[in-house]
Amino acid sequence: MSLSYDELISNIKRQAKRLSKSINIPLRQAQKILATSVYQCDDWNNLRDSLKSDSFDNQLLLLTALHPKADILLFKLLDNNMSIIVSRFKMKFSDQKSNEEISNIIISTFGIEPFDFKNKIL
């Protein structure tokens, strides 16, 4: 991954802010949902510590570098893991949204328009 630790931290902070705004929850709650649902970490601090480790045993940590102009491989990584991310999101944030709505929320969390995401993974 070519981004520095500071750039990855900036990315996850922006992701948490976008998630907070899109589902209208406090930032701390959005950070926890992002860490546990998307990155499969125990909490926000564990996510930050995992990024420091440079081991990337958890391939989902690669998504910390996902942004609208990222490599297509990162888009495909998100797409390949979307169903499990959606199911973890539903467990953490019980709302009556459809899987497609949740997928769109997750995609938007990365600053990507759902339409653009679909075009990239085709």
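**Close-ups of an all-helix predicted model**

With 122 residues, a compact globule would be expected to have a radius of gyration near 14 Å, and the protein comes in at 13 Å, which agrees. Keep in mind throughout that this is a predicted model.

**Figure 1. The whole chain: six helices and zero strands.** Reading from the N terminus, the elements go α-α-α-α-α-α. Lined up along the principal axes, the C-alpha atoms fill a box of roughly 35 × 35 × 20 Å. Buried residues make up 43% of the 122 in the protein. As for who touches whom, take the contacts with a separation of 6 or more: 54% of them join residues 24 or more positions apart.

**Figure 2. Helix 1 crossing helix 5.** Two packed helices are described by the angle between their axes and the distance between the axes. Here, helix 1 (residues 5-23) and helix 5 (residues 99-109) have axes that come within 8 Å and cross at roughly 145°. The crossing of this pair is right-handed. On the helix 1 side, the residues taking part are Gln-15, Arg-18, Leu-19, Ser-22 and Ile-23; they meet Ile-105, Ser-108 and Thr-109 from helix 5. Sorted by class, that contact has three nonpolar, four polar and one charged residues.

**Figure 3. Helix 2 and its buried residues.** Helix 2 covers residues 27-38. At 1.5 Å a residue, its twelve residues should span 16 Å, and the end C-alpha atoms are indeed 16 Å apart, so the two agree. The buried residues here are Ala-30, Gln-31, Ile-33, Leu-34, Ala-35, Thr-36, Ser-37 and Val-38. They pack against several partners: helix 1, helix 3, helix 4 (72-92) and helix 5.

**Figure 4. Zooming in on Ser-37 in helix 2.** Ser-37 has a relative accessibility of 0%, so this serine counts as buried. What does Ser-37 touch once its neighbours within four places in sequence are left aside? The contacts are Ile-85, Arg-88, Phe-89 and Lys-92.

**Figure 5. Positive phi at Asn-24 and Gln-40, neither of them a glycine.** Let's take the two loops in turn. Asn-24 sits in the loop between helix 1 and helix 2, and its phi is positive, about 55°. The relative accessible area of Asn-24 is 69%, so this residue is exposed. Gln-40 turns up just after helix 2, in the loop that leads from helix 2 to helix 3 (44-53). Its phi is positive too, at about 55°. Is Gln-40 buried, partly exposed or exposed? With a relative accessible area of 49%, Gln-40 is partly exposed, because the exposed class needs over 50%.

**Figure 6. Lys-120 in helix 6 and its contacts.** Lys-120 belongs to helix 6 (residues 114-121). At 33% relative accessibility, this lysine counts as partly exposed. Which residues does Lys-120 contact, leaving aside neighbours within four places in sequence? They are Pro-68, Ile-72 and Phe-75. Take the pairing with Ile-72: Lys-120 and Ile-72 are 48 residues apart in sequence, yet 6.8 Å apart in space, C-alpha to C-alpha.

Terms used:
Residues are numbered from 1 along each chain as its sequence is written. This is a predicted model: local features need pLDDT of at least 70, side-chain atom pairs count only at pLDDT 80 or more; totals for chains, interfaces and linings use all residues. Side-chain values use heavy atoms; hydrogens and water are left out. Axes are lines fitted to C-alpha atoms, for helices over the stretch in contact, and angles run from 0 to 180 degrees between N-to-C directions. Helices (H or I, at least four residues) and strands (E, at least two) are DSSP runs, numbered from the N terminus. A crossing is left-handed if the near helix is turned anticlockwise from the far one by less than a right angle, and right-handed if clockwise. Contact means heavy atoms within 4.5 Å. Ala, Val, Leu, Ile, Met, Phe, Trp, Tyr, Cys and Pro count as nonpolar, Asp, Glu, Lys and Arg as charged, and the others, Gly among them, as polar. Buried means under 20% relative accessible area, exposed over 50%, partly exposed in between (1.4 Å probe, protein chains only). The expected span of a helix is 1.5 Å times one less than its number of residues. The radius of gyration is taken over C-alpha atoms; the globule rule is 2.2 Å times the number of residues to the power 0.38.
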